[in-house]
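This report walks through one protein model, from single helices to the ligand shell. Look at the sequence and the fold first, then read on.

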Amino acid sequence: MSEHPAPLLLEKDSLETFVRAYLDRQERYLALAQKHGSPLWVLDSGVLKAKARRFSQAFNACFDQTAYYFAVKSNNCPEVAATLLESGFGLDVSSGIELNTALDLNAGDIVFSGPGKTDEELRLALRHKDRVTLLLDGFSELDRLCALLPGSDQASPVRVGIRLTTNPQGLWRKFGITLEMLPEFWKKIAALPPIRFAGLQFHSSWNLTPDRQVEFIALLGQTLARMPGDFNRSIEFIDMGGGYWPEEGEWLHSPEPQQGALPQENSIPLDRVRPHYRIPGTPIEMFAKALSHAVQTHIFPFADCRICFEPGRWICHSAMHLLLSVIDKKSHDLVITDAGTNIIGWERFETDYFPVLNLSRSGLVERPCHILGSLCTPHDVFGYAYFGEGIERGDCLMIPCQGAYTYSLGQNFIKGCRDLSKSEGQTPRQG
Ligand SMILES: Cc1ncc(COP(=O)(O)O)c(C=O)c1O
């Protein structure tokens, strides 16, 4: 398995270009904060649509038959899913809650994946089998599904796929079945007429390059070479999951990402702005080329099928931004914001670097300052610097590109997140 490359310095020029693009639109963001209050999630549906377009164009250029499913877990805001449905995507859901969201949005093509589906969730999927493909996580889930089938309409079989684990060692083995188990699974499922086997799914996470996916496609090809012809002929789709890291790569406070960024007690010194680091990403077109080459070589000789994708992060990362305001200034280099990091649900900014832009006093110089939230924990960190010409109480701060694994992880901890504070104007607004 490929390892992440060592972080490089995040070049001043590329950071400035990134910041400038948001400052060019600062009046628009300030007007939104003025109108709806702070803190505020801003959804830029134009960016979302452009991302969906670029992703599908990249893979459509390499494959004849494709389908795209937005991974709802990466951002469960219904407006995000609705926008992607308009862009021709289906939805990838991982729970009854997400499935209900997709059904309420009238999604016509839904894949339901994930381990530990409850009987209630399986029943819901069965009630909507005209719209849902169930991606089974293993043998016992198949048994539980069979036990639920007598009550369902026998005339139209439920369409299922099977999730394959990409790494049978360690914690990833909780997902799906191993390639070695596939013949046994096929034997079992082929004898069940109310169930129609239609494809395979696999997913690996956090891919800065296509290497891991390519390696697994080769292993899958070796397995298909040994599978019976009727199995390979019944494969209508191979779903390669998501896990594409945005092209700009991972931005970090420290060159040692595995150890976390923080010295003891969050005491990053503020005598100057520290350098920022990045682990480079890969353009999506290069993913598409590498994956299509692997599929042509290893899969298509055995299975003539549609290739499906479940991107989450790549699609929504740069389409949603967070606006906060400074509620207190305790020193020239310490401000408190009106939201805590519970709004994004985890201590992301202790390790990940994202520029904090002071929209009220905008500027291209980054200045050291502790930008801390209002929870009673020192881990409530938004950043250690801001771009601007000073910082004062009442200023509106922006953290761009917070669309993935933030909105859907928000918690009501001490302060509210979006659900509690809808009336306070924290629901996403079109940017
Ligand atoms: C099965 C499956 N598909 C798709 C995704 C989306 O991954 P990403 O947001 O990294 O594209 C995930 C994320 O965990 C997943 O588990």
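What should the 12 residues of helix H1 span at 1.5 Å a residue, and how far apart are its end C-alpha atoms? The expected span is 16 Å for residues 12-23, and the end C-alpha atoms of helix H1 are 16 Å apart, which agrees. Note that this is a predicted model. H1 is hardly covered: among its 12 residues, the count of buried residues is 1.

**Overall fold**

The protein contains 13 helices and 19 strands. Its radius of gyration is 23 Å, close to the 22 Å that the globule rule gives for 431 residues, so the protein is as compact as a globular protein of that length. The C-alpha trace spans about 70 × 45 × 40 Å along the principal axes. Of the 431 residues, 44% are buried. Take the contacts between residues at least 6 apart in sequence: 77% of them join residues at least 24 apart.

**Two packed helices**

Helices H3 and H11 can be read side by side. The table lists their lengths and spans.

| Helix | Residues | Expected span | End-to-end C-alpha distance |
|---|---|---|---|
| H3 | 16 residues | 22 Å | 22 Å |
| H11 | 15 residues | 21 Å | 21 Å |

Start with H11, residues 284-298. Its buried residues are Ile 284, Phe 287, Ala 288, Leu 291, Ala 294, Val 295 and His 298. They cover an arc of only 140 degrees around the axis, which puts them on the same side of H11. The spacing fits a general rule. An α-helix has 3.6 residues a turn, so residues three or four places apart point the same way.

What do the buried residues of H11 pack against? Their partners are helix H3 (45-60), helix H9 (211-226), strand E12 (306-309) and helix H12 (313-316).

Now H3. Val 47, Leu 48, Lys 51, Ala 52, Phe 55, Ser 56, Ala 58 and Phe 59 are its buried residues. Seen down the axis of H3, they fall within an arc of 155 degrees, so they line one face of the helix. The list includes Lys 51 and Ser 56. On the other side of H3, Gly 46, Arg 53 and Gln 57 are exposed.

The buried residues of H3 pack against strand E3 (66-71), helix H4 (78-86), H11, E12 and H12. H11 appears in that list, and H3 appears among the partners of the buried residues of H11. E12 and H12 are partners of the buried residues of H3 and also of those of H11.

**Ligand shell**

How many residues surround the ligand? The count is 16, and the closest are Ala 71, Gly 242, Glu 310, Gly 312 and Arg 313. By type, the shell divides into 4 nonpolar, 8 polar and 4 charged residues.

Gly 312 also serves as a reference point for Gly 243. The two glycines are 69 residues apart in sequence, yet their C-alpha atoms are 7.4 Å apart in space. Gly 243 lies in the loop between strand E9 (237-239) and strand E10 (250-252). Is Gly 243 buried or exposed? It counts as buried, with 24 C-beta neighbours inside 10 Å. Leaving out residues up to four places away in sequence, Gly 243 touches His 203, Ser 204, Ser 205, Trp 206 and Asn 207.

Leu 208 is found in the loop between strand E8 (195-201) and H9. With 20 C-beta neighbours inside 10 Å, Leu 208 counts as buried, because the cut-off is 20 or more. The C-alpha atoms of Leu 208 and Leu 252 are separated by 14 Å, and the two residues are 44 apart along the chain.

**Backbone geometry in loops**

Three loop residues deserve a check. The peptide bond from Ser 38 to Pro 39 is cis, with omega near 0 degrees. Pro 39 lies in the loop between helix H2 (26-36) and strand E2 (40-43).

Asn 106 has a phi near 65 degrees, a positive value in a residue other than glycine. It is found in the loop between helix H5 (96-104) and strand E5 (110-112). Asn 106 counts as exposed, with 9 C-beta neighbours inside 10 Å.

Cys 401 is not a glycine, but its phi is positive, at about 60 degrees. Its loop runs between strand E18 (396-399) and strand E19 (429-430). Cys 401 is buried, with 21 other C-beta atoms within 10 Å.

Note on methods
Residues numbered from 1 in each chain as written. Predicted model: local features only at pLDDT ≥ 70, side-chain atom pairs only at ≥ 80, totals over all residues. Helix = DSSP H or I, 4+ residues; strand = E, 2+ residues; numbered from the N terminus. Expected span 1.5 Å × (residues − 1). Arc of directions from axis to C-beta. Contact = placed C-beta atoms within 7 Å. Rg over C-alpha atoms; globule rule 2.2 N^0.38 Å. Near = placed C-beta within 6 Å. Nonpolar A, V, L, I, M, F, W, Y, C, P; charged D, E, K, R; others polar.
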